[in-house]
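The following paragraphs lead the reader through a single protein chain, from its interior to its strands and to two of its charged residues. The sequence and the model are shown first.

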Amino acid sequence: MSISSVLARLRRLEVLAVSTLTLAACGGGGGGGPTGGGTTGSMSASIDGTSWSSTTASATATPGGIFTLTGVQAGSGVGVTMTIYHIGAPGTYPLGVGSTVAGGLASVVEGTSGWSTPLSGAAGTVTVTSVSPTRIGGSFAFTAPRVTGASGLATRAITTGLFDVPVSGPATLVVPDNAGGKMTWGVGSTAHTASSIASVSAPSAGVLTFAGSNTAQTLSIIVSEYTGTGIYILGSGASRSVRLTQVAPGGVWGGTNASTTGSLTVTTATASRIIGSLSVTLQPVGGTTGGTVRVFATFDIGI
């Protein structure tokens, strides 16, 4: 299976997750009440500059640090939902990413219309300040375009979000070492965060192959003769290449041999995780205009 087909499958699954998340925001949660301990929960935010607070708020969890938080306001029926993956400790995580990345998705529902974070890798953030198998708290902010319904604003802006909610379900904070990851890259002055990460072949096979993608770009890497930590020269003709594909305006840069110059550095390599960085110059290919591009990337990928 090619890396492009793996990423396409991930994107289909993540689009389905966005739809499910939007529908989930229509449902209610466990008992409402003031912020604090016990069985009550609260969620609040500014939605397009208007204060919103939940009447009911709660979270469900599954093993591996996966949480779905939902708050619904009685009367208006406005609901906010977030599903966040691979949360084993406090920290700040991106919104607008799928289940292969540490972070999550968020949505707003009002009436028959729903708004969800796109898989851009940069739709917002959720900061988890406290987390246990029974309770999770923190803050959030995100921007979400409309994905269902024909009424309401084209985009909703959620700021100053806060949550402190009880957790039900088989919650565990033990995240498997090969679960989740992060990959970022810069092209010129533009920074990108992967919303999906795919690894096609295990490094033990002697070839390191992985890619990160979002709604704007895909960055894929192939390194043959892989042996673990070290520096690997790219574009050497030994099945080592980097390819950058841009959605709009379309374009492809890099590949094998002289199309890619630079190196990939692996600083940590275990059976379950690879950490490192990439620094390359890529030539335009296939009629792409715009000249060469310089790409610097960092990655922390579960295998």
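**The cores, the strands and two aspartates**

In this predicted model, the largest nonpolar core has 31 residues, of which Phe67, Leu69, Ile84, Ile136, Phe140 and Phe142 touch the most other members. A second core, separate from that one, comprises 29 residues, including Leu208, Val280, Leu282 and Val295. Within the largest core, Phe67 may serve as an example. Leaving aside residues up to four places away in sequence, Phe67 touches Thr60, Ala61, Met82, Thr83, Ile84, Ile87, Val131, Ser132, Ile136, Val167 and Leu173. Among these partners, Ile84 and Ile136 are themselves listed with the core members that touch the most others.

The chain as a whole may now be considered. Its secondary structure consists of one helix and 23 strands. There are 303 residues, and 46% of them count as buried. Among contacts in the chain with a separation of 6 or more, 58% are made by residues 24 or more positions apart. The chain exposes about 12400 Å², and carbon and sulfur atoms supply 60% of that area.

The pairing of the strands comes next. In general, the strands of a sheet pair through backbone hydrogen bonds, in either a parallel or an antiparallel manner. Strand β9, residues 124-131, pairs with strand β6, residues 91-95, in the antiparallel sense over five bridges. In this pairing, Gly91 stands opposite Val128 in β9. Strand β9 is also joined to strand β10, residues 135-148, by seven bridges, and these two strands run antiparallel. The strands β9 and β10 form a hairpin, with three residues between them. Across β9 and β10, Val126 stands opposite Phe140, and Phe140 is one of the residues that touch the most other members of the largest nonpolar core.

Six strands elsewhere in the description make up an open sheet with antiparallel pairing, in the order β13-β12-β23-β21-β20-β17. At its edges are β13 (190-193) and β17 (230-234), each of which pairs on one side only. From one strand to the next, the twist averages 15 degrees. Inside this order, β12 is listed next to β23. Seven bridges join β12, residues 181-187, to β23, residues 293-302, and the two run antiparallel. Met183 stands opposite Phe299 in β23.

Strand β23 also contains Asp300. Is this aspartate buried or exposed? Asp300 counts as buried because its relative accessible area is 18%, and the cut-off for burial is under 20%. The side chains of Asp300 and Arg273 are joined by a polar contact of 2.7 Å. Not counting residues up to four places away in sequence, Asp300 touches Gly180, Gly181, Lys182, Arg273, Ile274 and Ile275. Of these, Gly181 and Lys182 fall within the residue range of β12, the strand to which β23 is joined by seven bridges.

A second aspartate, Asp164, lies in strand β11, which spans residues 155-168. Asp164 is likewise buried, because its relative accessible area is 14%. Which residue does the side chain of Asp164 contact? It makes a polar contact of 2.7 Å with the side chain of Arg135. For both aspartates, then, the polar contact described is with an arginine side chain: Arg135 for Asp164, and Arg273 for Asp300.

Technical notes
Residues are numbered from 1 along each chain as its sequence is written. This is a predicted model: local features need pLDDT of at least 70, side-chain atom pairs count only at pLDDT 80 or more; totals for chains, interfaces and linings use all residues. Side-chain values use heavy atoms; hydrogens and water are left out. Helices (H or I, at least four residues) and strands (E, at least two) are DSSP runs, numbered from the N terminus. Buried means under 20% relative accessible area, exposed over 50%, partly exposed in between (1.4 Å probe, protein chains only). Contact means heavy atoms within 4.5 Å. Accessible areas come from the Shrake-Rupley method with a 1.4 Å probe; for residues, only the protein chains shown count as cover. A nonpolar core is a set of buried Ala, Val, Leu, Ile, Met, Phe, Trp, Tyr and Cys residues joined through side-chain atoms within 4.5 Å. A polar contact is a pair of N or O atoms within 3.5 Å; within protein, one must be able to donate a hydrogen and the other to accept it, and residues adjacent in sequence count only if both atoms are side-chain atoms. Two strands pair if DSSP finds at least two bridges between them. Axes are lines fitted to C-alpha atoms, for helices over the stretch in contact, and angles run from 0 to 180 degrees between N-to-C directions.
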